[in-house]
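Here are a few exercises to work through with the model open in your viewer. Try each task before reading its solution.

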Amino acid sequence: MDIKEYLKAHRLITDGAMGTYYAELKRQESLISEWANLIEPETVAGIHRAYLAAGAVLLRTNTFAAGRQALGIGAEKQEEIVRAACRIAKAEIAAHADRTGKIGFLAGDIGPLREFSENGETADVGAEYRALIDLFLEEGVDALWFETFPDMEGMAEAAAYAKEKRPGIFCAGLFAVNQNGYSAAGIRANRLVAQAAQLDVLDALGLNCGIGSGHMLHIVENLHLPENKYFCVLPNAGYPEQLHSRMVFVRNENYFRQNMEKIAAYGVSVLGACCGSSPEYIKELAGDGIGTGIGCIEKRSVPVSETKQGSAPKTPAPDITVKNAGIMNADGGIFPPQIHVENNPVMQLFSRKKVIAVELDPPYDADDAKIISASQRLKELGADLITIADSPQGRSRMDSVLTAVKLTGITGLPVMPHICCRDKNMIAMRSVLLGAYANEIRNLLIVTGDPVPGELRSSATGVFDYNSMKLMNFVREMNLEHFSAEPFVYGGALNQGRANFDKELERTQKKIDAGASYFLTQPVYGGEDVERLRRLKRTLDTKLFAGIMPLVSYRNANFVKNELVGIHVPDEVLHAYHPDMSREEGEDTGVRVALSVMEKLEDFVDGYYFMLPFNRVGLMEKIMAAKKYGVPDLQ
């Protein structure tokens, strides 16, 4: 009997936690259970044995974190760990069958390798997924279990590879979301489910980890379970608490079972538990008869009272589709409504003119008189948009969102705060975005952010729960959930000076896919930068603000050329300055250079993004005045 045949008459009960339960048994919460496959195989076998005795029908191999980056190992050691994990679990399943006559299945457990990579943005983990799948298939697992993924990246290709190698292998893809229903990649649970439901290579999909059973129930209540897939739910036991310098999970097996009964009533086919659980949790699931309910997809919508033994609540399964916004296609996937940004004031300007955006740095202290004066003068000069940096270079300044709110109220101009991922965790980030929206902020620049300076790292830490792409996904989901009538419109940073410009184009397209409507470039001074941006506009469908940062002295130009990575200052620009220039001569040269660059960009960019050294608004006065009289030669 295979897993699909089993599911025609049963719900499938999986095991519970391996990593946290192993650490609990060893009384060392920092232990990594995957090493135990080699150094303590009997302990791992004992955990598998306990879960089988408790009623688990499917075991997951002790390999969730067996990635090379996670463990700091090479391919050879990874193979040793994976093969040992498979053989330990297979032996326990066989022994259990001999003792009890009960069937058992084995799933090769695969975590999101990119999340453990030191360079998750660019690391090629596809080959490692394929290597893991080859090992699991050679060891004869019944299923491949992709779990705790934040998005689809890597999963679809890996599952397709597995199906090509062994068409009958059962593949499950599970995602982790937080209490608000968002993954670490900023994607809502219903979108993840809808996306995964479109993959023919997945037999099952679902949610695991991240949250306890109570929050999981709330999320499942608001999902449409696709009719073409088995659905899996494996919540955490709850949430850990600090106890004598250790993090421990409070035991709540009865509460867990009650919530899982309600979750099962929605037509869930596969039930189990994740972090903080133990064999007692699985015994509660299996012992209450939930596992004998019908698990096949076709029975999902029948009243629960008609399932075998009537163990679940004697009420009809809820009409899950009622609570879901969006359009359901013929295959059961939900596609949320499109976000329309064309009514945004900044987006409307693009159809009429080159949009002028000017960046101002907020003050280091609470004295905002200068930035208020600068913003008022910029409005008089014809600026269309003011942008506010978010503690650039990792040095604390007045909050960008609060500054933007104040300047919007004073000037009436759109003010776009930069939102940096460095300083706020997921909770704080959502709070900031909600507050910004309530205060009429509608445009954002989303950036990963500079790291914390070395001298501050003993007292300040970078958070980076998000990178720019993940935060864009999160804001897109917030637009769909909360702000679809008048959404946030957001953009990203673009580094045209990157050594591998093809990679930058690829990243930019991913940001467009994540909802970015425009991009602000690094400062442009001519040369190859102009041609790269011209190529980008030919290649990608987006609005482009070309970065213009006037250089105001020989020292300033020399510093930017030699000290700022990613900014290219051609020699002819540097030679336009000399050390003995007066301040006025330096500024005039900077204006002349800026105008020359703007002329080269004029035929294809959508706007200009001015970065004024030291908030020198006088430079904008000179640039706006000089544009009336043409652009003098750089020579």
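**Exercise 1.** Locate Ile32 in this predicted model, and decide whether Ile32 is buried, partly exposed or exposed.

*Solution.* Start with the position: Ile32 sits in the loop that links helix H2 (19–26) to helix H3 (36–39). Next, take its relative accessible area, which is 37%. Buried requires under 20% and exposed over 50%, so Ile32 counts as partly exposed. Finally, look at its partners: together with Trp35 and Ile39, Ile32 makes up a nonpolar surface patch of about 280 Å² accessible area.

**Exercise 2.** Now go inside: find which residues have the most contacts within the largest nonpolar core, and which helix gives the most to this core.

*Solution.* The largest nonpolar core contains 98 residues, and Leu471, Leu601 and Phe610 have the most contacts inside it. Helix H23 (residues 583–601) gives the most to this core, with 7 residues. A separate, second core has 82 residues, among them Ala17, Ala66, Leu113 and Phe146. To see one hub up close, select Leu471: leaving aside residues up to four places away in sequence, Leu471 touches Ile419, Cys421, Met429, Leu433, Ile446 and Tyr466.

**Exercise 3.** Work out how many disulfides the structure holds, and why Cys274 does not form one with Cys209.

*Solution.* The count is 0 disulfides. For Cys274, the closest cysteine sulfur belongs to Cys209, at 3.9 Å. A disulfide needs the two sulfur atoms within 2.5 Å, so this pair is too far apart for a bond. As for surroundings, Cys274 is buried at 8% relative accessible area, and Cys232 is also buried, at 0%.

Definitions and conventions:
Residues are numbered from 1 along each chain as its sequence is written. This is a predicted model: local features need pLDDT of at least 70, side-chain atom pairs count only at pLDDT 80 or more; totals for chains, interfaces and linings use all residues. Side-chain values use heavy atoms; hydrogens and water are left out. A nonpolar core is a set of buried Ala, Val, Leu, Ile, Met, Phe, Trp, Tyr and Cys residues joined through side-chain atoms within 4.5 Å. Buried means under 20% relative accessible area, exposed over 50%, partly exposed in between (1.4 Å probe, protein chains only). Helices (H or I, at least four residues) and strands (E, at least two) are DSSP runs, numbered from the N terminus. Contact means heavy atoms within 4.5 Å. Patches are made of residues with over 30% relative accessible area and no salt bridge: like charges are joined within 9 Å, nonpolar side chains (Val, Leu, Ile, Met, Phe, Trp, Tyr) within 5 Å. Accessible areas come from the Shrake-Rupley method with a 1.4 Å probe; for residues, only the protein chains shown count as cover. A salt bridge is a side-chain nitrogen of Lys or Arg within 4 Å of a carboxyl oxygen of Asp or Glu.
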